[in-house]
Amino acid sequence: MRAKITATGSYLPRKVLSNVDLEKIVDTNDEWIKQRTGIEMRHIAENESTSELAAKAAEDVLNKSALSSSNIELIIVATVTPDQPLPATALFVQNKIGAYNAFAFDINAACSGFVYALSIANAYIVSGMVKNAIVIGAETLSKITDWTDRSTCVIFGDGAGAVLLERTEEDKGILSVVLHADGRYTDLMMVPAPGSKMPCSKKAIENGDIYIKMKGNETFKMAIRSIASVSKEALDIAGMDFKDVDWMISHQANKRIIDGVARRVGLEGERSIITIDKHANTAAATIPLAMDWAVEMGKIKEGDIVLLNSFGASLTWSAAVVRW
Ligand code: ACO
């Protein structure tokens, strides 16, 4: 028994912010952003919440599937930008798409959130607990971005991607998943407030503690090696090697990281899916957004081996091998 990805979907908010637009907000320039990150533009959710983006990505998935919302048994939303602390964003999504027969919850593993969520849905399907699941990565990072901090505001964007997983007896779908976490590095990236450690207060707002803080350089140094090694672990479990991989879909945090991984494992060029130029870093949403883009572009085809890998705050890293 396996869990197969039978449909993909995505949604991007209408507003686009280019690098040139950013030049008017902070001391930065198009050349620096393109060279150092590979980003050319990002989408910004002006009046939409994370669940609205997520529900639109889920509807896109359902439109491409034979199932209707009442057939869905599980909804998982991976996000670091929930609509509210309580209830879970997944419940707002359930209500918006009318999937009232599903149980639903959120998970937070930052940029690794989508692969973590995929692993949970896979386990539920393989164990027989459910027959299908919608797994969504959705973020409105623009709402926790400090638009005066050029070291972070140029890299993030908003968007949502989703997949439908269905039980199959074919040898297709998720072949292996490996997850890692290391809580010794929680200071590398964080949003300090509001939370139980630092509840909502005027001081937290004035100090900018409600925004993303990131030690970009230190995170960068750890990323390439960790992504390459977790990918090898996942391929070993699937009984494969990097040469068996048709497509690599990495978390899109920085094109230099993605290219560095691709060079290290011999998957350079066409075989590495790049969407950071148009989507920027949308945390848990980058992999499903890139996956839907690659499917829509006709790149990923039935039977292809797809390697997913990610690295995020603080620290989580993960990989999965999928036979399409
Ligand atoms: N525009 C112009 N110049 C800038 C900008 C900017 N937006 N930002 C920084 N600079 C300058 C710095 O001031 C510095 O100047 P100096 O040399 O005169 O001091 C110079 O550029 C280099 O700064 P660095 O911080 O070393 O820049 P770097 O090349 O490391 O790029 C970046 C920064 C893009 C953040 C990179 O470190 C990165 O991508 N890190 C990894 C991020 C990541 O993977 N995060 C985890 C996943 S995200 C998640 O979990 C939600």
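**Notebook: helix crossings and the ligand site**

I looked up helix H8 (residues 216-237) and helix H9 (residues 255-265) and found that their axes come within 9 Å and cross at roughly 40 degrees, where axes are lines fitted to C-alpha atoms, for helices over the stretch in contact, and angles run from 0 to 180 degrees between N-to-C directions. H8 passes H9 in a right-handed crossing (the near helix turned clockwise from the far one by less than a right angle). On the H8 side I noted Phe220, Ala223, Ile224, Arg225, Ile227 and Ala228, which meet Arg256, Ile257, Gly260, Val261, Arg264 and Val265 of H9, contact meaning heavy atoms within 4.5 Å.

The model is predicted, with local features needing pLDDT of at least 70 and side-chain atom pairs counting only at pLDDT 80 or more, while totals for chains, interfaces and linings use all residues. Residues are numbered from 1 along each chain as its sequence is written, and side-chain values use heavy atoms, with hydrogens and water left out.

I then turned to the ligand, which has 26 residues around it (a heavy atom within 4 Å); Thr28, Cys111, Arg150, Asn217 and Asn254 come nearest. Asn217 places a polar side-chain atom 2.5 Å from a ligand oxygen, and for Arg150 I read 2.9 Å between a side-chain N or O atom and an oxygen of the ligand. Arg256, listed above in the contact with H8, has a side-chain N or O atom 3.0 Å from a ligand oxygen.

Lastly I checked helix H3 (residues 50-63) against helix H4 (residues 89-97), whose axes come within 9 Å and cross at roughly 50 degrees. H3 also passes H4 in a right-handed crossing.

Notes
Helix = DSSP H or I, 4+ residues; strand = E, 2+ residues; numbered from the N terminus. Polar contact = N/O pair within 3.5 Å; in protein donor to acceptor, adjacent residues only side chain to side chain.
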